[in-house]
Amino acid sequence: MKKFVWTPNYSVNNEGLDEQHRILIHLMNEFYSYHQTGQTLQAKIFLQRLTAFTGKHFRDEEELMYRSGYPRFSVHKRSHQELLKILESLEKKYLQEQSYEVAGKLTSFLKVWLMRHILGSDKEYMPYLNKSLKIAG
């Protein structure tokens, strides 16, 4: 799998969320890199960090969306819950097996999901967050 590289087109015009997206990408890349080089202990650590940080990021993002009055908040939150459920399931499977199949499936799934989610539904809340921030500032 090619490394997932952050580019400016992934920006949601919120430095805090952009930084969290960069961290998610970094953690995913590190997990896969450690797995590929046979460093399964490090891979497990980065996978657990990735799962924990994903939950934190979703909570932070949901708080901002809720406060901004984003009308599709509940739909967006459901997509977060679905991803987290799949990620936790794949994490559990990887921790049991440490197989290349599971690592590849997990990383490919996350890469595609993150690209689609950031470029799709995350971009949809940008105007609401920007409007909310202007009112607050």
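Here are some notes on the core, the cavity and the salt bridges of this predicted model.

1. Let's start with the nonpolar core. The largest one has 34 residues, and the members that touch the most others are Phe31, Leu50, Tyr94, Leu106, Leu110, Leu114 and Tyr125. Helices α1, α2, α3 and α4 each give two or more residues to this core. The top contributor is α4, with 10 residues.

2. Phenylalanine 31 is a good place to zoom in, as one of the core members with the most contacts to other members. Leaving out residues up to four places away in sequence, Phe31 touches Ala43, Phe46, Leu47, Tyr94, Ala103, Leu106 and Thr107. Two of the names there, Tyr94 and Leu106, also turn up among the core residues that touch the most other members.

3. Next, have a look at isoleucine 25, which sits in helix α1 (residues 15-36). Its relative accessible area is 3%, so it counts as buried. Setting aside neighbours within four places in sequence, Ile25 is in contact with Phe4, Trp6 and Leu114. Valine 5 is worth a click as well: Ile25 and Val5 are 20 residues apart in sequence, with their C-alpha atoms 7.4 Å apart in space.

4. What about empty space? Searching the whole structure turns up 1 cavity of 30 Å³ or more. The largest cavity holds about 50 Å³ of space. Its lining is made up of Leu24, Met28, Leu50, Thr54, Phe58, Leu83, Leu110, Trp113 and Leu114. The elements giving two or more residues to that lining are α1, α2 and α4. By residue type, the lining splits into 8 nonpolar, 1 polar and no charged. If you want to see cavity and core together, try Leu50, Leu110 and Leu114: they line the cavity and are also listed among the core members that touch the most others.

5. On to the charged pairs. The whole structure has 5 salt bridges. One of them joins the side chains of aspartate 60 and lysine 56, at 2.5 Å from N to O. Both residues belong to helix α2 (residues 40-68), and their spacing of 4 residues is about one turn of the helix. Asp60 has a relative accessibility of 27% and so counts as partly exposed. Lys56 is partly exposed too, at 35%.

6. Helix α2 has another pair to check: glutamate 63 and arginine 67 form a salt bridge, with 3.2 Å between the closest N and O atoms. These two are about one helical turn from each other, because they are 4 residues apart in α2. Glu63 is partly exposed, with a relative accessible area of 41%, whereas Arg67 counts as exposed at 56%.

7. Which parts of the chain does the salt bridge between glutamate 124 and arginine 72 tie together? The closest N and O atoms of this pair are 3.5 Å apart. Glu124 lies in helix α4 (residues 100-136) and Arg72 in the loop between α2 and α3 (73-97), so the bridge ties together parts that are 52 residues apart in sequence. Glu124 is partly exposed at 39% relative accessibility, and Arg72 is partly exposed at 43%.

8. Last one: Glu15, Glu19 and Arg22 are joined into one network by salt bridges that share partners. I'd look at the three of them as a group when you go through the charged side chains.

Definitions and conventions. Residues are numbered from 1 along each chain as its sequence is written. This is a predicted model: local features need pLDDT of at least 70, side-chain atom pairs count only at pLDDT 80 or more; totals for chains, interfaces and linings use all residues. Side-chain values use heavy atoms; hydrogens and water are left out. Buried means under 20% relative accessible area, exposed over 50%, partly exposed in between (1.4 Å probe, protein chains only). Contact means heavy atoms within 4.5 Å. A salt bridge is a side-chain nitrogen of Lys or Arg within 4 Å of a carboxyl oxygen of Asp or Glu. On a 1 Å grid over the protein atoms alone, a cavity is a set of points where a 1.4 Å probe fits but cannot get out, and a pocket is an open set with protein on both sides within 12 Å along at least five of seven lines; lining residues have an atom within 4 Å of a point. Grid points are joined across faces, edges and corners, and a volume is the space filled by probe spheres set on the points. Ala, Val, Leu, Ile, Met, Phe, Trp, Tyr, Cys and Pro count as nonpolar, Asp, Glu, Lys and Arg as charged, and the others, Gly among them, as polar. A nonpolar core is a set of buried Ala, Val, Leu, Ile, Met, Phe, Trp, Tyr and Cys residues joined through side-chain atoms within 4.5 Å.
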